[in-house]
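Open the model in your viewer and keep the sequence panel in sight. The tour below goes stop by stop, saying what to select and what is there.

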Amino acid sequence: MDFRKQQIKTSVVACIIDEQGRTLLTRRCIEPFCSQWVMPGGKIDHGEAILSALHREVVEEVGLEVSVEELIDVYEHIDIGSKGDHYVILYYRCRLTGGELQPNGSECTEARWVTEEELPAMALPPGCRYILGQVFPHLPWGKLSAAIDVAGEVPDQLQMPRS
């Protein structure tokens, strides 16, 4: 019998696109998704504001400062890894504002700016691929794993009218 407390892990991720239209990807060196390419981000600490967590995680992982432009979408990973973890991840489009690109080595071993043409061929986990498919819908992504919305109640963030 498993007596460990079950919880949902909530994270934030920055989709940083530079002035040349390149996206920052990092190669993870921890689970989940070890050795795959992802965008920088991580968990929201208890009592921490969502955007504060986003800024903190980007600085910790890659040494960069960003400006948040908009929420792209939310993606949910269910039953991940040997512990069957459950993640809810908020993906934000960001613009680079400062810092020097330096992967921290404890969460990611590499960081690189990737052109949009390179993205579909990268080893990306389903959530990252889904979000980049939202940002670059014109690219040949193949079949994307859709965000789970069984009842069809969640509006597509990119189709909602902007105020």
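Start with Asp79, which has its place in strand β5. Its phi is near 60°, a positive value in a residue other than glycine. Is Asp79 buried or exposed? At 57% relative accessibility, Asp79 counts as exposed. Here buried means under 20% relative accessible area, exposed means over 50%, and partly exposed is in between, with a 1.4 Å probe and protein chains only.

Before moving on, note that this is a predicted model, in which local features need pLDDT of at least 70, side-chain atom pairs count only at pLDDT 80 or more, and totals for chains, interfaces and linings use all residues. Residues are numbered from 1 along each chain as its sequence is written, and side-chain values use heavy atoms, with hydrogens and water left out.

**The whole protein**

Show the cartoon of the full chain. The protein has 2 helices and 7 strands, and along the sequence they follow the pattern β-β-β-β-α-β-β-β-α. Both kinds of element are DSSP runs numbered from the N terminus: helices are H or I with at least four residues, strands are E with at least two. Of the 163 residues, 40% count as buried. Now switch on the surface: the protein exposes about 9,200 Å², and carbon and sulfur atoms supply 52% of it. Such areas come from the Shrake-Rupley method with a 1.4 Å probe; for residues, only the protein chains shown count as cover.

**The hairpin and its parallel neighbour**

Select residues 64-80, which are strand β5, and then 85-99, which are β6. These two strands run antiparallel and are joined by 13 bridges; two strands pair if DSSP finds at least two bridges between them. They form a hairpin with 4 residues between them. In the turn, click Gly81, whose phi is positive, at about 75°.

Next add residues 8-16, strand β1. β1 and β6 run parallel and are joined by 9 bridges. Which residue of β6 is the bridge partner of Ala14? The partner is Tyr92. Keep Tyr92 selected and look towards β5, where Leu71 stands opposite Tyr92.

**The open sheet**

Select residues 23-28, strand β2. β2 belongs to an open sheet of 3 strands in the order β3-β2-β7, with antiparallel pairing. β3 (37-38) and β7 (108-114) stand at the edges, each with a single partner strand, so one side of each is left without a neighbour in the sheet.

β2 and β7 pair over 6 bridges. Label two facing pairs: Arg28 stands opposite Cys108, and Thr26 stands opposite Ala111. On the other pairing, β2 and β3 have 2 bridges, and the bridge partner of Arg27 in β3 is Trp37. β2 is mostly covered, with 5 of its 6 residues buried.

**Two loops**

Go to the loop between β2 and β3, where Pro32 lies. A cis peptide bond joins Glu31 and Pro32, with omega about 0°. Phe33 is in the loop between β2 and β3 as well. Its phi is near 65°, a positive value in a residue other than glycine. Phe33 is buried, with a relative accessible area of 19%.

Then select Ser106, in the loop between β6 and β7. Ser106 counts as partly exposed, at 48% relative accessibility. Leaving aside residues up to four places away in sequence, Ser106 touches Cys29 and Ile30; contact means heavy atoms within 4.5 Å. Draw a distance between the C-alpha atoms of Ser106 and Cys29: they are 77 residues apart along the chain and separated by 7.0 Å.

**Helix α2**

Select residues 126-135, helix α2. How many of its 10 residues are buried? The number is 9, among them Tyr130, Ile131 and Leu132. Show the surrounding strands too: the buried residues of α2 pack against β1, β2, β3, β5 and β6.

**The largest pocket**

Finish at the largest pocket, which has a volume of about 600 Å³. Of its 29 lining residues, the closest to its centre are Thr10, Ser11, Gly42, Lys43 and Tyr87. β1 gives the most to the lining, with 6 residues. A pocket is an open set of points on a 1 Å grid over the protein atoms alone, where a 1.4 Å probe fits, with protein on both sides within 12 Å along at least five of seven lines; lining residues have an atom within 4 Å of a point. Grid points are joined across faces, edges and corners, and the volume is the space filled by probe spheres set on the points.
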